[in-house]
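The exercises below invite a reader new to this structure to work through it one piece at a time. Each task is followed by a solution that goes step by step.

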Amino acid sequence: MRNRTRSWVSATVMILALMLPLLTGAPAESPAQESPQTDSNSEVIDPAVEWNETAVRALEALGSGKASSSAFEVLRQKLADERDQALAIAESGSILSKSVQAQIDALGAAPDGDSSERADIAARRAELNESLAAADAPVIAAREAFNRANVLISEIDRVIRARESVKLTTLLPTPLNPFNWAGAFAEMQDYLGRVLVEFETSIANPSKATPLKIRLIASGLLLVLSLAVVFIILPVTLRSMNAKAKRVDVKTTHSGWGLLAVLARLVLASLAGILAYSAYSTLDISSTAARSLIRVVPAVGAFLVISYWLGYVIFAPDAPERRLMKLPDHQARTGFWIVIGVGLVLVVELAIEASEKDMTFLPGTHAVASVFALLPGAFLLWVFGSMAQRSTKAQTGSDNLEHPSYTAALVQLLARTLQVLAIAIVVLALSGFTALARFVLSGCALSLGVIGILLVIDRLIVSVLGLAAGVSGRQYGETRQSFLSIAIGLTMSIAALPVIALIWGARPADISEFWRLMTEGVVVGGTRLSATVVLVFAFTLLVGLVASRWLQRFLGSAVLPRTHLDSGAQSALRTGIGYLGATVSFMLAVGFAGIDLSSLAIVFGALSVGLGFGLQAVVSNFICGIILLIERPFKEGDWIEVSGYSGIVRKIAVRFTRLETFDRDDVIVPNTDLITGTVKNMTLSTITGRVIVPVGIAYGSDIEKAEGIFVDIMLAHPDVLREPAPAVLFKGLGDSALDFELRCFISNVGLGLTVRSDLLAGVYRELDKAGIEIPFPQRDLHIRTYSGLTDLSAQDPSEAEPKASPQTG
């Protein structure tokens, strides 16, 4: 089984190495910039020869299948380096070939068919074609080497993954068999006895440069100093810092003493670990039986220090206000010891893995020894998952258990997953799949460590930002939700993905291959799209859109209000500038990113056909919206009627127009209805309009007197225009009244209902004063009697016979 801790460390080193050129600004070395290799006689070596040799070695190793995984890794790295070199040559091409091609182009196009050209030109063309073929030979060889290296690297990766899969799925004897324990204890006792004997011999070896007594004294002093840091200096320092932090009023400022306490705990714990390791190194112990075990001693110290620090920072048993997981004090103390226990489990796992490299144990010994790490580790993971669920419920509250927040739901999902994996570890360990169980345990533990480190770093960064900005305790939660904090957390999460991938089985070569694909990109339609191209495109487009939006606001607030343009024209101009800015931003982004759109014309053409059918209505509304902004048959604030709706235009968008009716309802009208339908605009050229008020007076009234009253009422109203003059029309003789219409023009058509109401009130009032009746519907009822009804009423109803109805001719 591969060493997970070394993979973790190698991933961190690799990420720092990849980011170092970006942080320092130093240009990354490219294989194309390397000087040609020379031999001892200063003769230039053709890189194709070396590429062929490496390819032959790779083919032989893959054919035999006897090479170790480490040998395959070395061979793969060699192929990857040569592939990068070949790609650089293939992409850059040859200067000589470009110059020769330019000379050929200067001769003009070669004649077609039976046409002939001058002999000297034909000879020169043939000579240049031969030179071009010779110049293109290195480029062709580089392309061949690149493709061949890709195939060989993929095959090597397949072989290594297959071997790792076999290791993980190997079935060992089950630890439930008691006969395996006797042999396992015997082997472990033999191994530990050999190690102790070699330790004693190494310490008492008289050939050491430093006498044993001096080494023991120096080691003892260093150990005492380490214990003094742990039990005296560390507690006293932290108590002092915590006391000063509690004396600060957190309602007015966020104290930096808490931040210093977190950092001091890490520094002092690391100092204690360094002193302890120095005490061990001073003894100058060497052992051939525990060579690998000795090498992991620094890693053991690092695991213990980090687990101690993370446990205190996450659970903070003595500082509830700085506790990342909101738990009661007793559960927080339990959580701290759980983290310490997980660190110890990793230490035991690391020691078992190192001992397996130093001595060949029986399969049963592997299974039995791993139980001492797997079962406690699974138990701790289960308890930790339960605590995470309780912490989430405590933060969410009992009222939100059915609908928790996104973060709470994610934490609950991770906690349940952790508990399921804990059960899986126990089942795998007891069934004999020891390697797979150890893989899951180390993956869970190290992943939790990475997540914990990310949370602590996020808390430290937010605390530093709060201190720098003087954020009060009330605003501390808002600071955690600020854009900068979210961006920092997202960046750290992305940076941690390679580490998580390495923990869960990815190789450094897989990470480097992914990075190569991101930087070199893929070819789409003749254009190479890489992470750099995408970032440049996105950044340029974002800057352009922000600049166009700023220009829109500047024009809308400082320039356009000073012009004589109406609000509709100003809105249309701002919208047009927005579209123009988006178009120019897109073109600039394409240019700066170096994307050749001509090579993507076929792809865009196919997409446009599909989008044309699927988004036909949307595109039609968009085009109609642009037409509305250009032709401006109406503008914002106009009163229009369309599709049976009447209201004020509030917004003209690219897809729809929003009307606000006089009932304060918003009506969304597609722009196609406004272009293809009939639109009545009451305020397009002027806001004046005519009001028509029907009025009826009783028969027998004085018509001339009534008309004079109607005219006086209209002229007396302040909103009625004198020109054109108001008019009264005698419309007809109605059933119950003489029908008139009062017609007048008003200064603002929007006041039509108010003017109509005022005119009707005036008509009623003035007609009443003049004694002119406003009639209501009347009907005349004529009753005719029938003489036979009296005779019929005198008869007995039983004797009465029905009579035939009189018939009319």
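A charge is said to sit over a ring if NZ of Lys or CZ of Arg lies within 6 Å of the ring centre and within 35 degrees of the ring normal. The structure shown here is a predicted model, and that should be kept in mind throughout the exercises.

**Exercise 1. Describe the overall make-up of the model and find where its confidence is lowest and highest.**

Step 1. Begin with the whole protein, which contains 25 helices and ten strands; of its 809 residues, 36% count as buried.

Step 2. Turn next to the confidence, for which the average pLDDT of the protein is 78, with 80% of the residues scoring at least 70.

Step 3. Compare the elements: helix α1 (residues 4-24) has the lowest confidence, at a mean of 41, while strand β10 (residues 738-746) has the highest, at 92.

Step 4. Look for stretches where pLDDT stays under 50: one covers residues 1-44, for which the model has 58 contacts beyond four places in sequence, and another covers residues 398-403, with one such contact. Where pLDDT is low, the predicted coordinates should not be read in detail.

**Exercise 2. Work out the order of the five strands in the open sheet, and explain why one side of β6 and of β7 is left without a neighbour in the sheet.**

Step 1. The five strands follow the order β6-β5-β4-β3-β7, and their pairing is antiparallel.

Step 2. Because β6 and β7 stand at the edges and each has a single partner strand, one side of each is left without a neighbour in the sheet.

Step 3. Follow the pairings themselves, beginning with β5 and β6, which are joined in the antiparallel sense over five bridges; here R658 stands opposite I668 in β6.

Step 4. Strand β3 (residues 639-642) and strand β4 (residues 645-652) run antiparallel and are joined by four bridges, and E641 has S646 in β4 as its bridge partner. The hairpin of β3 and β4 has two residues between the strands, and in this hairpin S643 takes a positive phi near 55 degrees.

Step 5. Strand β3 also pairs with strand β7 (residues 680-681), again in the antiparallel sense, over two bridges, with N681 in β7 as the bridge partner of I640.

**Exercise 3. Classify the aromatic pairs F336 with W337 and W639 with F662, and state whether each of the four residues is buried, partly exposed or exposed.**

Step 1. A pair of aromatic rings is described by the distance of the centres and the angle of the planes. The structure holds 16 aromatic pairs.

Step 2. In the pair of F336 and W337, the distance is 5.1 Å centre to centre and the angle between the planes is 65 degrees, which makes the pair edge-to-face.

Step 3. F336 is buried because its relative accessible area of 7% is under 20%, whereas W337 is exposed because its 58% is over 50%.

Step 4. For W639 and F662, the ring centres are 5.1 Å apart and the planes stand at 85 degrees, so this pair is edge-to-face. The pair links distant parts of the chain, since W639 lies in strand β3 and F662 in the loop between β5 (656-661) and β6 (666-670), 23 residues apart.

Step 5. W639 counts as buried at 17% relative accessibility, and F662 counts as partly exposed at 47%.

Step 6. Return to F336 and W337, which form one aromatic cluster with Y308 and Y312; the charged end of R265 sits over the ring of Y312, 3.6 Å from its centre.

**Exercise 4. Identify which residues touch the most other members of the largest nonpolar core, and examine the surroundings of F315 and S307.**

Step 1. The largest nonpolar core has 51 residues, of which I314, F315, M325, L381, I425 and V456 touch the most other members. Among the helices that each supply at least two residues of this core are α10 (297-315), α11 (329-358) and α12 (363-396).

Step 2. Leaving out residues up to four places away in sequence, the contacts of F315 include R323, M325, F336, V339 and F384.

Step 3. S307 is found in helix α10 and is buried, with a relative accessible area of 7%; beyond its neighbours within four places in sequence, S307 is in contact with V339, I340 and G343.

Technical notes: Residues are numbered from 1 along each chain as its sequence is written. This is a predicted model: local features need pLDDT of at least 70, side-chain atom pairs count only at pLDDT 80 or more; totals for chains, interfaces and linings use all residues. Side-chain values use heavy atoms; hydrogens and water are left out. Two strands pair if DSSP finds at least two bridges between them. Rings of Phe, Tyr and Trp (its six-membered ring) pair if their centres lie within 6.5 Å; planes under 30 degrees apart count as stacked, over 60 as edge-to-face and the rest as tilted. Buried means under 20% relative accessible area, exposed over 50%, partly exposed in between (1.4 Å probe, protein chains only). A nonpolar core is a set of buried Ala, Val, Leu, Ile, Met, Phe, Trp, Tyr and Cys residues joined through side-chain atoms within 4.5 Å. Contact means heavy atoms within 4.5 Å. pLDDT is the predictor's confidence in each residue, from 0 to 100.
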